[in-house]
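Me: I am new to this structure and would love a close look at its aromatic rings. Could you walk me through how they are arranged?

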Amino acid sequence: MLLTLLPATFYSFHPLKDVYEEHPTLSIGSPAPDFNLPGVDGKNYSLADFKNAPLLVVVFTCNHCPTAQAYEERIIHLANDYKSRGVCVVAIMPNDPTSITLSELDYTDMGDTYEEMKIRAARKQFNFPYLYDGKTEETSRKYGPIATPHVFIFDKDRKLRYSGRIDDVEKPSKTPTTNDTRNAIDALLNNKEVPVATTKVFGCSIKWAEKSDWITKAKEAWAKEPVNIDTITEEGIKDLVKNNSGKLRLINVWATWCGPCVTEFPEFITMNRMYGRRDFQLITVSADDPAQKDKALKFLKEQQASCTNYIFNVDNKYKLIDAIDPKWQGALPYTILVEPGGKIIWSKQGAIDPAALKTMIVDNPLIGRYYR
């Protein structure tokens with residue numbers, strides 16, 4: 001993903017200058033642009049829905065960005081802490097989901113589609129409206145958020161009084177020294193001037209629709225990656241499971257003749273493209289007869305499986321079973337998630353639940369949703 005750290009009102013001398021000039025950020029004193037956007041609760045929202053609020057806090061955020069995820073709990077607390085004062089918090093997801101490459105999903109288990117927003121909001125128990133602007137990005141273009149998250153605070157007359165960050169510390173485990181958003185709210189509630197009206201905004205860049213050509217380029221790059229398959233012995237399999245790589249290792253045992261294996265295989269390629277740059281490894285092991293190595297390789301090339309691939313070197317499925325996991329009863333597909341040192345933390349005989357497995361991977365301490 002692309003991270004930005006820019007003043008909310010300044011976007012010169014930046015490699016993405018043209019992008020920011022095309023999507024200028026709303027200036028202090030500007031009226032709040034109206035919107036009509038669907039929320040995860042099935043309702044549509046506009047400015048009129050918040051007309052009685054003395055202050056309106058609009059937060060542009062999303063599912064996939066590690067910085068946005070790091071601030072989710074703080075946004076929840078913000079909404080709760082100021083609810084009694086009538087302050088309304090509303091979140092808007094500005095990204096075009098089709099403009100996000102899989103490699104930009106390396107800190108998450110889901111993208112920014114409307115359906116995935118519903119899942120995320122329910123899982124985190126959001127106590128504020130979470131609105132989808134990914135279809136047209138019309139509202140986001142009017143506000144001009146620099147990154148996610150980006151806060152805009154409007155007074156009772158719906159004039160912009162603050163634009164910038166939530167606070168000065170991204171990592172949830174650390175304590176911020178400057179709570180810019182809260183300072184702005186407190187000042188406005190007490191009829192005072194906002195002490196700092198604009199700040200820089202750190203987070204993931206907005207995924208504008210015009211960025212969709214990056215997806216094509218990514219697909220072209222993946223298609224060029226080499227795909228190979230090597231034979232592996234029983235001892236080699238045992239070494240794989242011991243996992244001395246220092247990384248979280250996902251091992252999938254499959255075969256070309258196994259229908260469920262072939263059907264779910266693309267899900268593993270997706271995970272590899274999402275987490276491959278993190279401390280994560282995908283390794284596939286073909287249970288085909290070693291004489292069918294070329295057939296297995298043909299399938300792997302069709303799948304663009306540029307991960308590490310093996311085929312067991314003897315046609316003895318029971319040796320393969322015992323080498324992978326003595327608890328495995330033998331049915332394909334079989335998948336295990338192994339931490340360094342050989343601890344199998346999850347195993348599945350049969351088809352996987354891709355969404356649940358992604359959550360398990362990203363929530364593992366070796367991977368994580370935030371920057372370390």
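Reply: Here is a tour of the aromatic pairs, followed by the charges over rings. The model is predicted, so to speak of local features a pLDDT of at least 70 is needed, and side-chain atom pairs count only at pLDDT 80 or more, while totals for chains, interfaces and linings use all residues. Residues are numbered from 1 along each chain as its sequence is written, and side-chain values use heavy atoms, leaving out hydrogens and water.

Rings of Phe, Tyr and Trp (its six-membered ring) pair if their centres lie within 6.5 Å; planes under 30 degrees apart count as stacked, over 60 as edge-to-face and the rest as tilted. By this rule there are 14 aromatic pairs. One joins Tyr114 and Tyr132: with centres 5.7 Å apart and planes at 40°, the pair is tilted. Tyr114 belongs to helix α4 (residues 114-124) and Tyr132 to strand β6 (residues 130-132), so the pair ties together parts 18 residues apart in sequence. Helices (H or I, at least four residues) and strands (E, at least two) are DSSP runs, numbered from the N terminus.

Next, Tyr143 and Phe154 make an edge-to-face pair, 5.9 Å centre to centre with 90° between the planes. Both are buried: Tyr143 has a relative accessible area of 0%, and Phe154 also has 0%. Buried means under 20% relative accessible area, exposed over 50%, partly exposed in between (1.4 Å probe, protein chains only). Phe60, Tyr143, Phe152 and Phe154 form one aromatic cluster.

Finally, the charged end of Arg74 sits over the ring of Tyr71, 3.8 Å from its centre; this requires NZ of Lys or CZ of Arg within 6 Å of the ring centre and within 35 degrees of the ring normal.
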